[in-house]
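Biologist: I am new to this structure and would like to learn how to read its surface and its fold. Could we go through the features one at a time?

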Amino acid sequence: MNNHASLVIASILGLVAGMSHGMVSHYQNLPFSLSEQVLESINVSNGKSFN
């Protein structure tokens, strides 16, 4: 049961963190979503442009 409890707690914390990130980025009118930020950082590290 301990293994399941730690998995559930980690899942709930991840869900809360994701939702709070979405709410903050929405209310502050940030230009990029989280997925676009990740894709941009991957492309920049590979030497390619985002467009």
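Biologist: How much surface does the protein expose, and what share of it do carbon and sulfur atoms supply?

Modeller: In this predicted model, the protein exposes about 4,600 Å², and 65% of that area is supplied by carbon and sulfur atoms. As for burial, 2% of the 51 residues of the protein count as buried.

Biologist: Which residues make the nonpolar surface patch?

Modeller: The patch is made by V8, I12 and V16, and it covers about 260 Å². V8 itself belongs to helix α1, which spans residues 2-27.

Biologist: Why does V8 count as partly exposed?

Modeller: Partly exposed residues fall between the cut-offs of 20% and 50% relative accessible area, and V8 is placed in that class because its value is 46%.

Biologist: How many helices and strands does the secondary structure hold?

Modeller: It comes to two helices and zero strands. Between α1 and α2, the latter covering residues 34-45, runs a loop in which S33 lies.

Biologist: What is the relative accessibility of S33, and how far is S33 from G22 in space?

Modeller: S33 has a relative accessibility of 35%, so S33 also counts as partly exposed. Although S33 and G22 are separated by 11 residues in sequence, their C-alpha atoms are 8.1 Å apart in space.

Note on methods: Residues numbered from 1 in each chain as written. Predicted model: local features only at pLDDT ≥ 70, side-chain atom pairs only at ≥ 80, totals over all residues. Heavy atoms only, no water. Helix = DSSP H or I, 4+ residues; strand = E, 2+ residues; numbered from the N terminus. Buried < 20%, exposed > 50% of the residue type's maximum accessible area, 1.4 Å probe, protein only. Areas by Shrake-Rupley, 256 points an atom, 1.4 Å probe, with all protein chains shown as cover. Patch = residues over 30% accessible without salt bridge, like charges linked within 9 Å, V, L, I, M, F, W, Y side chains within 5 Å. Salt bridge = Lys/Arg side-chain N within 4 Å of Asp/Glu carboxyl O.
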